[in-house]
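User: Please take one exposed or partly exposed spot on the surface and look at it closely, then lead me from there to the cysteines and the ligand. I am a first-year student, so please explain each term as you use it.

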Amino acid sequence: MTEMSTVTEAAAPAPKVPTLPDAQTVTEVKHWTDRLFSFRCTRPAALRFRSGEFVMIGLMGDPDPKTGKQKPLLRAYSIASPSWDEELEFYSIKVQDGPLTSKLQHIKVGDEIILRPKPVGTLVHDALLPGKRIWFFATGTGFAPFASLLREPQTYQDYDEVIITHTCREVGELQYGRELIEALKTDELLNEVIGEGFWKKIKYYPTTTREESPKMGRITDLMRSGEAFADLGVAPINPEDDRAMVCGNLAFNLEIKDMLEGYGLEEGANSKPAQYVVEKAFLD
Ligand code: A2P
């Protein structure tokens, strides 16, 4: 009898089986500009990560012309959602001839992506010594790890002030970050968990370099001239009070690293916490 009913069950439609290894399903896609988009996907039940870390994500590559075999095409992406979120969020550039992002930019709700559930990274609170102010320095899609950390309660428990600078070429490229920060004000859950008005600790400093906006220029130049500190109404960076996390393009990372060392800050790591940490934003 038992076997008979097994046969009957087999005739029922099979549950949807993931077609990719480590597959996750896309739940939301937003296009911000012709160069930028963000998306959300399901989170593997076993995935634990610290806000600010990254994982390898991607899609299946084209079949090999000789063997017909397909290999996963993976890149490092900062997780833009905080560690407590039940889904995962990513923020990506679109490079028209980029091996991965030329395809990834076309994903739709219900599609599958590959996600290797092994989070790593240095932009984590554990890599910094206690301080009073935390600076998040981002260019372009380097905002992603800070999208996670700005929604992470520990950020506000550990620091009195949270300063986020974001330098982009054009105004439209600031929109993802701007909306995310604005949404914190009305986020009932975070205001309840972290404390009503927690977002008042944030000082947001967006700048553009190639399109007119209220504040123009590279953050590095604006700090060197003292303009950024004057605008923000804060004292220049010092190793006693200030901690920093940096994520942007390579030239930016190198330049700001040099400046932070000049202010007397030392680079930290998971194994040896110090005063600042750096990570390169992914570019396809
Ligand atoms: P700029 O337009 O002057 O090059 P990208 O999109 O190329 O990654 O650049 C993102 C932003 O980072 C741009 O506004 C760019 O300014 C800025 N940027 C590039 N290099 C540096 C640097 N060394 N220091 C500060 N900002 C930089």
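Analyst: Trp 84 is partly exposed, with a relative accessible area of 39%, where buried means under 20%, exposed over 50% and partly exposed in between, using a 1.4 Å probe and the protein chains only. This is a predicted model, in which local features need pLDDT of at least 70 and side-chain atom pairs count only at pLDDT 80 or more, while totals for chains, interfaces and linings use all residues. Residues are numbered from 1 along each chain as its sequence is written, and side-chain values use heavy atoms, with hydrogens and water left out.

Trp 84 lies in the loop between β4 (72-78) and β5 (87-93), the strands being DSSP runs (E) of at least two residues, numbered from the N terminus.

Turning to the cysteines, a search of the whole structure finds 0 disulfides, a disulfide being a pair of cysteine sulfur atoms within 2.5 Å. Cys 247 forms none because its sulfur is 12 Å from the closest cysteine sulfur, in Cys 168, too far for a bond. Cys 168 is buried, with a relative accessible area of 4%, and Cys 247 is buried as well, at 2%.

Cys 168 also leads to the ligand, since one of its polar backbone atoms is 3.2 Å from a ligand oxygen atom, and a polar contact is a pair of N or O atoms within 3.5 Å. In the side chains of two arginines, an N or O atom is 2.9 Å from a ligand oxygen for Arg 169 and 2.7 Å for Arg 210.

Note on methods. Helix = DSSP H or I, 4+ residues; strand = E, 2+ residues; numbered from the N terminus. Polar contact = N/O pair within 3.5 Å; in protein donor to acceptor, adjacent residues only side chain to side chain.
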